[in-house]
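This report describes the aromatic side chains of one protein model. It considers how their rings pair and where charged groups meet them.

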Amino acid sequence: MAEDQRNARIFGVLFIITFLTSIPAVALFQPVLDDPAAYIAGGGKDNQIYLGALLELLLIIANVGTAVVLYPIVRRQNELLAIGYVTARVIECVFLAGGIIFVLGVVSLRQDSPDAADLAVSLAALKDWTFLFGPGFIVPFGNGLILGYLMYSSGLVPRRMAWLGLIGGPLLLFGNIGVLFDWWEQTSAAGLLVAPEFLWELSLGIYAAVWGFRKDAPILSARSTMGPQTDAG
């Protein structure tokens, strides 16, 4: 159980790191995303964009890390969903990596082709699409429904907390579907619908980092009393 609790705290710290990297990165990218044509025509803030790209790279590492350290524990509850969570994290990170390249592409245009305003606008739009389809559509399934269900069914965290993920995931998905079909702006209704998912991920990260997982969770007590379980051939 000591190893499980160590992994639980690593999981929590990594989840907190995802907040500490993703939120500043979005703010640092704003000069490019708000007006890419003006960015490549003006003085630019390339170092600011590079810092944002570095933070998103650290976000990718932390995202994958949360799935890797959690997998040995939650696979005892449901191996298919555990693999599904790892897969969701990887797919999310593929979209994040694509977004980094598109933003850096705008920086390259400012340095090499400052008159290519239309291309800069297109690259910034592609960055927005990667955000919508990565964190916008994959996270509700991965961090919301899959992780929420695994935490609820295993009892690793208080079940009332896990309900935030089970509710927040579908709400976030619905909000981003509305953005996709232009029912509302990202900052309006979708911004309100993201709140339960945001609270779920933040509370989960803090809980795991500070307290670890609940010691009376069946999959932890089974591990401590029976040792590693293997699937029958």
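## Aromatic contacts

Across the whole structure, a search finds eleven aromatic pairs. The model examined here is a predicted one. One of the pairs joins W129 and F133, whose rings are tilted, at 6.0 Å centre to centre and with 40° between the planes. Both residues belong to helix α5, which spans residues 117-133; because they are four residues apart in that helix, about one helical turn separates W129 from F133. W129 is partly exposed, with a relative accessible area of 43%. F133 is also partly exposed, and its relative accessible area is 31%.

A further pair consists of F174 and W183, with ring centres 6.3 Å apart. The planes of F174 and W183 stand at 50°, and the pair is therefore tilted, since an angle under 30 degrees would count as stacked and one over 60 as edge-to-face. F174 is partly exposed, having a relative accessible area of 43%. F174 and W183 also belong to one aromatic cluster, together with F181 and W184.

## Charged groups over rings

Arginine side chains also meet aromatic rings in this model, as the table sets out.

| Charged residue | Ring beneath the charged end | Distance from ring centre |
|---|---|---|
| R89 | F15 | 5.2 Å |
| R159 | Y152 | 5.3 Å |

In the first row, the charged end of R89 sits over the ring of F15. In the second, the ring of Y152 has the charged end of R159 over it.

Terms used: Residues are numbered from 1 along each chain as its sequence is written. This is a predicted model: local features need pLDDT of at least 70, side-chain atom pairs count only at pLDDT 80 or more; totals for chains, interfaces and linings use all residues. Side-chain values use heavy atoms; hydrogens and water are left out. Rings of Phe, Tyr and Trp (its six-membered ring) pair if their centres lie within 6.5 Å; planes under 30 degrees apart count as stacked, over 60 as edge-to-face and the rest as tilted. Helices (H or I, at least four residues) and strands (E, at least two) are DSSP runs, numbered from the N terminus. Buried means under 20% relative accessible area, exposed over 50%, partly exposed in between (1.4 Å probe, protein chains only). A charge sits over a ring if NZ of Lys or CZ of Arg is within 6 Å of the ring centre and within 35 degrees of the ring normal.
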